[in-house]
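Take a moment to turn this protein around before reading on. We'll walk through it piece by piece, in plain words.

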Amino acid sequence: MQQGYLETTRNVYKEAAESPNVGLCCTTTPVWQLPGLSIPKRMLEMNYGCGSTVNPRDLVNNPKILYVGVGGGMELLQFAYFSRQKGGVTGVDIVTEMLEASKQNFVEAEKQNPWFRSGFINLVKGDALQLPVKDNSIDVAAQNCLFNIFKQEDLKKALQEMYRVLKPRGRLVLSDPTCEQKMPENLYEDERLRAFCLSGSLPLRDYIRMITDVGFGTVEIRAKRPYRILDPVNYKTDELIFIESVEVCAIKDTMPADGPCVFTGRTAIYYGIEECFDDEKGHVLLPNQPLAVCDKTAGALKSLNRNDIFISESNYFYDGGGCC
Ligand SMILES: C[S@@+](CC[C@H](N)C(=O)[O-])C[C@H]1O[C@@H](n2cnc3c(N)ncnc32)[C@H](O)[C@@H]1O
């Protein structure tokens with residue numbers, strides 16, 4: 001049964017490799033403009049992602065990078081921009097035609113970017129559900145707009161595979177649509193709509209739970225943006241469905257005994273009369289200095305019911321720092 005939608009997905013991306021479909025995954029995320037980086041037109045037309053997984057902060061100390069679901073290769077080129085070493089980025093895709101199209105795009109990229117060599121990228125045919133990659137060998141593993149297509153059992157496998165190949169402390173960077181409304185069954189089961197990244201999305205909370213359930217001890221929500229709507233005129237739905245896209249980083253570190261640390265952009269601000277507030281669990285709040293806290297810590301501090309600690313709500317824009 002499940003084989004059906006995976007096969008439909010492969011066919012959709014075979015078509016998308018052979019004739020670029022500009023509207024396939026509409027992204028509101030601006031494409032990275034970086035000094036000396038020129039992205040070939042065809043590669044831009046094959047931007048089938050819904051956000052960005054490239055963050056310079058993840059890319060210090062010559063990381064080994066894995067990118068699953070290559071599309072036209074744009075993000076691999078952006079990763080290579082920072083990595084600039086032979087085989088520094090490995091791209092895995094199950095669709096031969098997509099691998100071939102991205103290979104051609106890299107040849108064009110080489111002409112437009114004097115710093116770039118196609119050899120910086122190692123393209124490998126393989127399945128996200130069974131990665132052709134060694135255990136504990138990758139520092140940064142990324143995927144953009146592929147995992148939302150997977151039904152939950154397959155999503156679990158795909159996440160387990162990413163977890164397996166990452167080194168301890170390695171980072172999984174994801175960009176995917178999420179949806180807080182219940183997807184109508186007919187849309188959920190529509191294999192092409194699912195392959196187009198439109199009907200497989202989970203609510204953010206469930207998506208995060210899938211990630212932490214495979215063992216990632218820390219999760220950062222880096223961005224959340226409007227993505228698409230499914231409206232009753234154009235889709236078989238009675239109510240309008242709003243889909244967002246998120247950028248998430250999950251770190252393969254030890255799972256804390258009291259559960260994962262999920263950062264959604266919340267902060268704690270102490271405004272009392274003491275020099276500081278120390279919860280004796282590793283969180284020291286200095287007066288009037290926002291400290292980024294994970295949701296677990298935000299909840300614990302809130303439950304103290306103090307009138308000198310303010311906890312800000314999630315803004316889904318966590319960009320580092322904090323307590324855990
Ligand atoms: C929505 S596109 C995203 C492409 C790219 N990440 C981007 O942002 O432009 C999904 C990609 O995943 C590939 N793909 C589909 N099923 C796959 C699987 N089971 N394993 C690996 N890649 C897969 C498709 O060929 C396609 O390149």
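Which residue in strand 13 does Ile 269 stand opposite? Keep that one in mind; we'll come back to it below. Bear in mind, too, that this is a predicted model.

## The eight-stranded sheet

Let's start with an open sheet of 8 strands, in the order 3-2-1-4-5-7-6-8 and with mixed pairing. Strands of a sheet pair through backbone hydrogen bonds, either parallel or antiparallel. Strand 3 (121-125) and strand 8 (261-263) sit at the edges with a single partner strand each, so each has one side without a neighbour in the sheet. From one strand to the next, the twist averages 20°.

Now zoom in on strand 4 (residues 138-144) and strand 5 (residues 166-178): they run parallel and are joined by 6 bridges. One bridge pairs Asn 144 with Ser 175 in strand 5. Helix 5 (residues 152-165) packs on this sheet, touching strand 1 (65-68), strand 4 and strand 5. The direction of helix 5 makes about 150° with that of strand 5.

## A busy asparagine

Is Asn 144 buried or exposed? This residue of strand 4 has a relative accessibility of 7%, so Asn 144 counts as buried.

What does its side chain do in there? The side chain of Asn 144 reaches the backbone nitrogen of Cys 50 at 2.9 Å, and a polar contact of 3.0 Å links it to the side chain of Glu 75. Leaving out residues up to four places away in sequence, Asn 144 also touches others, including Gly 49, Gly 51, Ser 52, Thr 53, Tyr 67 and Val 68.

## The nonpolar cores

In soluble globular proteins, nonpolar side chains tend to be buried together. Here the largest nonpolar core has 85 residues, and Leu 66, Phe 147 and Phe 150 touch the most other members. Not counting neighbours within four places in sequence, Phe 147 has contacts that include Ala 128, Leu 155, Leu 159, Met 162 and Leu 174. There is also a second, separate core of 10 residues, among them Ala 268, Tyr 270, Leu 291 and Ile 311.

## The three-stranded sheet and helix 9

Another open sheet has 3 strands in the order 12-9-13, with antiparallel pairing. Strand 12 and strand 13 are at its edges, each with a single partner strand, so one side of each lacks a neighbour in the sheet. Strand 9 and strand 13 pair over 3 bridges. Here is the reply to our opening puzzle: Ile 269 stands opposite Phe 310.

Which residues of helix 9 (residues 295-302) are buried? They are Thr 297, Ala 298 and Leu 301. These three cover an arc of only 105° around the axis, so they lie on the same side of helix 9. An α-helix has 3.6 residues a turn, so residues three or four places apart point the same way. The buried residues of helix 9 pack against strand 9 (267-270), strand 10 (277-278), strand 11 and strand 13 (309-311).

## Two residues with a positive phi

Finally, look at two backbone angles. Arg 169 is not a glycine, yet it has a positive phi of about 75°. Arg 169 is in strand 5 and is exposed, with a relative accessible area of 55%.

Asn 288 is not a glycine either, and its phi is positive at about 60°. You'll find Asn 288 in the loop between strand 11 (284-285) and strand 12 (291-292). With a relative accessible area of 60%, Asn 288 is exposed.

Technical notes
Residues numbered from 1 in each chain as written. Predicted model: local features only at pLDDT ≥ 70, side-chain atom pairs only at ≥ 80, totals over all residues. Heavy atoms only, no water. Pairing = 2+ DSSP bridges. Helix = DSSP H or I, 4+ residues; strand = E, 2+ residues; numbered from the N terminus. Axes fitted to C-alpha atoms, helices over the stretch in contact; angles between N-to-C directions. Contact = heavy atoms within 4.5 Å. Buried < 20%, exposed > 50% of the residue type's maximum accessible area, 1.4 Å probe, protein only. Core = buried A, V, L, I, M, F, W, Y, C linked by side-chain atoms within 4.5 Å. Polar contact = N/O pair within 3.5 Å; in protein donor to acceptor, adjacent residues only side chain to side chain. Arc of directions from axis to C-beta.
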